[in-house]
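Subject: Handing over a structure, with notes

Dear colleague,

Here is the structure I promised to pass on to you. Please keep it open while you read the notes below it.

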Amino acid sequence: MGDRLVFKINCLVVSFLFVFINALPMRAYSQELPDVTAIEVRGLKRIEEGSIKAKLSQKIGESLSNEKTSEDIKTIFKMGYFDDVKVNVEPFEGGLKVIYVVDEKPTIIKVDFQGNKEYEDSTLKEKITLTAGAISDITLINDNATKLRAYYEDEGFYLAKVVPVIRKAGKREEVVTYQIHEGDKVKIRHINVEGNKVISEGKIKGAMKTQERDWLSFVLGTGYYKRDEMKADIDRIRDLYYNNGYLQFSIAEPVLKISDDKKDMTLLLRVSEGQQFTVSSIEISGNKIYSEEELRKLIKATAGVVFDKSVLTKDISALNDKYSNTGYALVSIDPDLLP
């Protein structure tokens, strides 16, 4: 099936529109609130008061503003150091003192591990960002559990489990323990591909870095399922098909089947190849600085041949270089694939 390849070239023109708005005085519909004569932050134990005050919109010398104090509560809370933030107001030196009352989150005084046999505590601590002295934050604690899980997975322990346990150690102190169940290493015994008719299973597997476990795996470090590497492999397989003209290609999420003894897995890839496309014609539009003849000399894609994404990528790069090397740094080149 033929495709028409159109390169649209747009040189970005940046213009600045200045709009001047006259500031009009607000008409007071109700009695103005008293001025703020002092601002205080109470409840702080580790956080500097100055770091809080620097973020406040309510200022000394201004009238008390419910909108500003409400916004300040949100701002302080977003800092992530506090479980609760309140505002009190009391008379002070002919005006009002605004008091922000905070409840600091506990401090983590220790991070340790239980259940780890394959890796020392020191090794695991290098894989996380949570340390003693940090503010206790459940999101941060869970994120580091995910990092540990990913580390074990990359080392072949696909079934490893990591659960954070938080224990009170004092009034405002906590200990975080990561409970780890390592399990056995799970090797990739087979990688199977379904739905491929044009490109062989061997070529598809050859485009991947995820490999079946064999005698070379010990040297190459392959044979284990790594989630991030598998995501990259899906892109590599997609490019393999795009470089051969199969623009309708799609691939489903990999299916993992673990053996009964939990030591091996089979990786199943389901693909839909779709139709192969050839380039029927190549057109250029939007070019004003360079002639079409000049630009065509840079384009390697050829009408009548099977579409190849890698060739298109190089053509876009060549056209970009042509413009950027002569001062048009913000040029945009957008290929349209038209059936």
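The notes that follow begin with the chain as a whole, then go through two sheets, and end with the aromatic rings.

This is a predicted model, in which local features need pLDDT of at least 70 and side-chain atom pairs count only at pLDDT 80 or more, while totals for chains, interfaces and linings use all residues. Residues are numbered from 1 along each chain as its sequence is written, and side-chain values use heavy atoms, with hydrogens and water left out.

**The chain as a whole**

The protein chain holds nine helices and 13 strands, where helices (H or I, at least four residues) and strands (E, at least two) are DSSP runs numbered from the N terminus. Of its 339 residues, 33% are buried; buried stands for under 20% relative accessible area, exposed for over 50%, and partly exposed for what lies in between, with a 1.4 Å probe and protein chains only. Among the contacts in the protein chain with a separation of 6 or more, 64% are between residues 24 or more positions apart, a contact being heavy atoms within 4.5 Å.

**Two sheets**

As general background, the strands of a sheet pair through backbone hydrogen bonds, either parallel or antiparallel. In these notes two strands pair if DSSP finds at least two bridges between them.

One open sheet has three strands in the order β2-β4-β3, with mixed pairing. Its edge strands are β2 (36–42) and β3 (82–92), each of which pairs on one side only. Strands β2 and β4 (residues 95–104) run parallel and are joined by six bridges, and the bridge partner of Arg42 in β4 is Val101. Helix α2 (residues 66–78) lies across β3 and β4, running at about 145° to β3; axes here are lines fitted to C-alpha atoms, for helices over the stretch in contact, and angles run from 0 to 180 degrees between N-to-C directions.

Another open sheet of three strands has the order β5-β7-β6, and its pairing is mixed as well. Because β5 and β6 stand at the edges with a single partner strand each, one side of each is left without a neighbour in the sheet. Seven bridges pair β5 with β7 in the parallel sense, and Val111 has Val176 in β7 as its bridge partner. Helix α4 lies across β5, β6 and β7, at about 145° to β6.

**Aromatic rings**

How many aromatic pairs does a search of the whole structure find? The search finds twelve, where rings of Phe, Tyr and Trp (its six-membered ring) pair if their centres lie within 6.5 Å, and planes under 30 degrees apart count as stacked, over 60 as edge-to-face and the rest as tilted. One of them is the stacked pair of Phe113 and Tyr178, with 6.1 Å centre to centre and 25° between the planes. This pair links distant parts of the chain, since Phe113 is in strand β5 (residues 107–114) and Tyr178 in strand β7 (residues 173–181), 65 residues apart. Both Phe113 and Tyr178 are buried.

The rings of Tyr119 and Phe157 have their centres 6.2 Å apart and their planes at 85°, so this pair is edge-to-face. Tyr119 counts as buried because its relative accessibility is 14%, and Phe157 counts as buried at 3%. Ring pairs also link Tyr119, Tyr151, Tyr152 and Phe157 into a cluster.

With best wishes
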